[in-house]
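Student: Could you pick a single part of this model and go over it closely with me? After that, tie it in with the rest of the chain if you can.

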Amino acid sequence: MASPDIIIRNGTVIDGTGAAGVRADVAVTGDRISAVGDLGAMGGAEEIDAQGQVVAPGFIDVHTHDDRYLFTHPEMAPKASQGVTTVVVGNCGFSLAPWRNAGETQFPMSLWRDREDLMFETAGAYLEGLERTPAALNAAMLVGHSSLRYGAMDDVHRPATDSEIGAMQDSLRGCIDEGAIGMSSGLFYPPAQAAKTEEVAAVAEVMAAKDGIYTAHIRDEAEHVMDALEEVAQIGRDAGVQVVISHHKASGLSNFGKTKQTLPLIEKFQEQQRLTLDMYPYHASSTMILPHLVHRSRKIIITWSQPRPDVRGRDLAELAAEMELDLEAAAKALAPGGAIYFQMDEEDVQRVLSYPGAMIGSDGIPDDQHPHPRLWGTFPRVLGHYARDLGLMPLEAAVHRMSGLPAAQFGFKDRGELRDGAFADLVIFNPKTISDSATFDAPTEPAIGIDRVFVNGQTVWNQGRASGERPGRPIRLGDTSRGGYM
Ligand code: ZN
Ligand code: CU
């Protein structure tokens with residue numbers, strides 16, 4: 001047997017399955033893990049001492065908006081610095097591909113209009129783009145339902161006609177054939193709000209033959225969260241596809257505690273259909289400036305404002321006082337822009353995080369000027385703050401939620417588990433020190449305790465810095481353990 005390229009010695013291996021950590025060495029040959037165990041007699045071209053550290057499968061960020069960032073910032077520092085090795089892009093109904101919108105577009109697509117070379121007309125072109133100019137991390141793409149609407153409709157503020165639904169189906173079918181892993185919807189957002197349940201189910205149905213996955217930013221996460229959950233479960237059943245509830249939460253001061261009802265409902269669905277969820281570990285959310293959200297939040301921070309670029313990072317209440325406007329009028333005056341809304345109950349956050357089926361997704365918005373700290377902090381925050389410091393779950397369970405569990409749910413073959421023969425997507429971290437540093441005031445501080453990160457056998461992050469290597473690959477539906485005709 002050829003001697004391995006790398007041997008990581010003396011670490012505690014947490015393999016991503018949820019099994020207890022064990023003392024073991026890990027050998028990497030090419031892009032794969034070639035041995036795990038006591039490798040005392042073996043010699044590697046490079047030897048790494050991981051004494052006192054954990055060696056785990058690289059994390060999978062199942063909910064991102066990194067579609068374009070993979071090209072504009074291929075080192076992917078916000079994610080690589082957290083130990084993330086694979087991202088799922090195209091969430092909340094918005095994907096960079098297929099780009100076929102002739103007319104008006106809104107956030108976030110309006111931000112993507114300035115680089116013609118990055119407006120990919122097909123999913124195939126997007127995935128080939130990731131091959132031609134690779135990023136540091138692997139990526140799988142979802143097709144956004146709102147992106148499909150922009151491509152098929154002259155006016156998105158009404159339900160789609162039968163022929164428009166037909167056009168969206170053809171477009172989605174093409175994307176799935178080219179390797180997109182599924183579809184996302186964002187029925188909460190203006191470009192999709194007018195869509196009926198039946199429209200989304202009809203479009204999603206074309207993925208069933210190849211078992212594409214359906215991820216949902218549901219229509220309402222506040223007063224009507226239960227109805228909105230019913231709606232996407234219905235879409236999953238009617239279309240015959242697996243559902244992922246995105247960034248599950250109960251929003252708004254008057255809905256504190258509501259996850260005591262939503263989680264049992266989700267469990268009930270799980271008895272009848274394939275349905276799961278992801279979440280980010282913070283009690284504040286972030287999206288565009290939406291004036292109707294101001295009254296359900298304790299506090300709002302402006303993350304960017306087109307008319308007032310100078311106010312990023314500032315408190316809306318303060319700004320409103322300065323502008324001599326009420327909160328809602330101030331928000332209107334600052335839009336279009338982005339904001340952070342303190343509108344969740346910490347107990348709800350911990351309840352969802354404690355739910356054994358909850359995957360972790362950052363939902364970070366990488367082009368934001370003053371982003372929500374989830375962009376740089378999500379994964380270390382779960383491992384450090386929640387698992388270690390608050391004792392919400394064992395470290396092995398936390399690692400499982402961000403590696404083995406999402407790999408199984410999304411069908412990422414040979415990823416998400418640390419074992420002989422799997423891809424060498426790995427993270428070495430210090431379980432005693434790992435923690436998020438990004439805060440609402442200083443949101444782009446890299447996490448502490450991540451020692452080294454490998455993607456497909458190559459180092460992408462080492463001692464607090466991007467290595468400059470770009471070994472990431474697109475993960476196509478055909479390469480997954482989904483993608484077969486059922
Ligand atoms: Zn969303
Ligand atoms: Cu999102």
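**A covered helix and its surroundings**

Tutor: Let's start with what sits over helix α7: the covering for its buried residues includes the helices α4 (145-152), α5 (162-177) and α8 (225-239), together with the strands β9 (182-186) and β10 (213-217). This is a predicted model, so local features need pLDDT of at least 70 and side-chain atom pairs 80 or more, while totals for chains, interfaces and linings use all residues. Residues count from 1 along each chain as written, chains are lettered from A and ligands numbered from 1 in written order, and side-chain values use heavy atoms without hydrogens or water.

Now the helix itself. Residues 197-204 make up α7, and six of its eight residues are buried (under 20% relative accessible area; exposed is over 50%; 1.4 Å probe, protein chains only). If you want to find them in the viewer, look for E199, V200, A201, A202, V203 and A204. Helices here are DSSP runs (H or I) of at least four residues, and strands (E) of at least two.

From there, hop over to the metals. The zinc ion (ligand 1) takes its protein donors (N, O or S within 2.8 Å; 3.2 Å for Na, K and Ca) from C92 (SG), H217 (ND1) and H247 (NE2), at 2.0 to 2.2 Å. Along the sequence, those zinc donors follow the pattern C-x124-H-x29-H. The copper ion (ligand 2) is 3.0 Å from the zinc ion (ligand 1), and C92 coordinates both metals. C92 and H247 bring together distant parts of the chain: C92 comes from the loop between β7 (84-89) and α3 (123-132), H247 comes from the loop between β11 (242-245) and α9 (259-272), and 155 residues separate the two. C92 is buried, because its relative accessibility is 3%, and H247 is buried too, at 2%.

The loop between β11 and α9 also holds S251. S251 has a relative accessible area of just 1%, so it counts as buried. Setting aside neighbours within four places in sequence, the contacts of S251 (heavy atoms within 4.5 Å) are E221, A222, R296 and Q343.

As for cysteines, searching the whole structure turns up zero disulfides (sulfur pairs within 2.5 Å). Take C175: the closest cysteine sulfur to its own is in C92, but at 18 Å that is too far for a bond. C175 is buried as well, with 2% relative accessible area.

If you like a contrast, try R132 in helix α3. R132 is exposed, because its relative accessibility reaches 63%. Measure from R132 to D436 on screen, C-alpha to C-alpha, and you should get 33 Å, for a sequence separation of 304 residues.

Finally, the greasy interior. The largest nonpolar core (buried Ala, Val, Leu, Ile, Met, Phe, Trp, Tyr and Cys joined through side-chain atoms within 4.5 Å) has 142 residues, and L70, Y126, Y214 and F429 make the most contacts inside it. Of these, Y126 touches D67, L70, F71, V89, L96, A97, F120 and M141, again leaving out neighbours within four places in sequence. There is also a second, separate core with 16 residues, including I6, I8, A424 and F454.
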